[in-house]
Amino acid sequence: MQKTGKYQESPRDLILWDEGDIGSPTIRGEDVYLKPGGRVSLQWLTACKEERALTADMMDRIADLSNLTTALRQVVKNGGSAGIDGMTVTKLKEWFNHNWQELQSSLLEGSYTPSGVRGVRIRKPKGGYRQLGIPNCKDRLVQQATSQVLSRRYEPIFSTNSYGFRPGCNAHQALLQASEYVAEGYNHVVDLDLEKFFDKVNHDRLMWLLGTRIGDRRVLGLIGKFLRSGIMQDGLMSQRFQGTPQGSPLSPILSNIVLDELDKELEVRGHRFVRYADDQIILVRSEEAVNRVHKSITDFIENRMLLKVNRVKSRVCHPSELNFLGYTISGGGKLGISRESLDRFKQKLRRITRRNRGISLDQVLQD
């Protein structure tokens, strides 16, 4: 038995998937996205051409004064630390009032050049560090303006099962969707962990993905500059050849663009899945199928998307063994706090209430 999976403006609209062997596509005629020989379908090429024509003037929208002003308000609202130039968001408002025309011209001419980012490492709860990149306030303003325009083009085509970094979506909705799938009988889970996803994004592949939908070379050039801008860590500036460090306004939309390719692949295959940023679970009915899905999706991520799956942390499990966004899912789809989250909470509570802190009881209660 075969079924056809489709999604909007997909480069794989007419690939058929055999339910008996989820990992192997049956290709029909010329309706091919990307075979080993590299051919693509005429339908997909036509769709790309039309979309690029609609976005040929995208930089004009990014540099529009109303869009820049909206971006300024958002950057000021978000606050945050200064970048390597020391400018604060408070000073950014004054700078913008005097320099918006010059900024607008540099964007329209394609001459805007971002500065490097300030690297910051924060410790993860399970060990190791998360690399953050703090751009200068001026670069944050440009990135926010770019993100706003990109979102208007990409939000309508993103998967409804993607909940991270999206307007109107949150982690609670992702958890409720996962619990509904479990309640429907999808009791076997592929728990995917992408190894240092934000640090490992392949720049060339990301730029190719953007180029299939964006026809304005100025925008592609600007995003390329942001991706390649150096990162200053411990007083030393180093060049970046991969990754989109967390901490910049542009990183969330770019990460969703990258991972939307995986979302669409899962939709074509007819899988139930939930994704929040780079946290992703796939839910299936049978133990036999879950192992096949785990292998085939891992191959897709590593060989097609050029990302790395963490073989140690990725696994096949039951919903009750999950730690998805801090929760586990028991029989019938009931949500509960995961053991890891509960242990972290207890450790924090012990630190706050230890007797040798030397503070008043009122301060302990407030903490």
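Modeller: A residue is called buried when its relative accessible area is under 20%, and exposed when that value is over 50%. The structure above is a predicted model.

Colleague: Is glutamine 177 buried or exposed?

Modeller: Glutamine 177 has a relative accessible area of 17%. Because this is under the 20% cut-off, glutamine 177 is buried.

Colleague: Where is glutamine 177 found, and which residues does glutamine 177 touch beyond its sequence neighbours?

Modeller: Glutamine 177 belongs to helix H6, which spans residues 171-183. Leaving aside residues up to four places away in sequence, its contacts are Asn161, Tyr163 and Val274.

Colleague: How should one read a sheet, and in what order do the strands of the open sheet lie here?

Modeller: In general, the strands of a sheet pair through backbone hydrogen bonds, in either a parallel or an antiparallel manner. Here, four strands form an open sheet with antiparallel pairing, in the order S9-S10-S6-S11. Strand S9 (272-276) and strand S11 (315-317) are the edge strands, each pairing on one side only. On average, neighbouring strands of this sheet are turned by 20° against each other, with direction ignored.

Colleague: How many bridges join S9 and S10, and which residue stands opposite phenylalanine 273?

Modeller: Five bridges link S9 to strand S10 (residues 279-284) in the antiparallel sense. Phenylalanine 273 faces isoleucine 282 of S10.

Colleague: Which helices lie across these strands?

Modeller: Helix H10 (residues 251-268) lies across S9 and S10, at about 170° to S9. Helix H11 (residues 287-304) lies across strand S6 (188-193), S10 and S11, and runs at about 20° to S6.

Terms used. Residues are numbered from 1 along each chain as its sequence is written. This is a predicted model: local features need pLDDT of at least 70, side-chain atom pairs count only at pLDDT 80 or more; totals for chains, interfaces and linings use all residues. Side-chain values use heavy atoms; hydrogens and water are left out. Two strands pair if DSSP finds at least two bridges between them. Helices (H or I, at least four residues) and strands (E, at least two) are DSSP runs, numbered from the N terminus. Axes are lines fitted to C-alpha atoms, for helices over the stretch in contact, and angles run from 0 to 180 degrees between N-to-C directions. Contact means heavy atoms within 4.5 Å. Buried means under 20% relative accessible area, exposed over 50%, partly exposed in between (1.4 Å probe, protein chains only).
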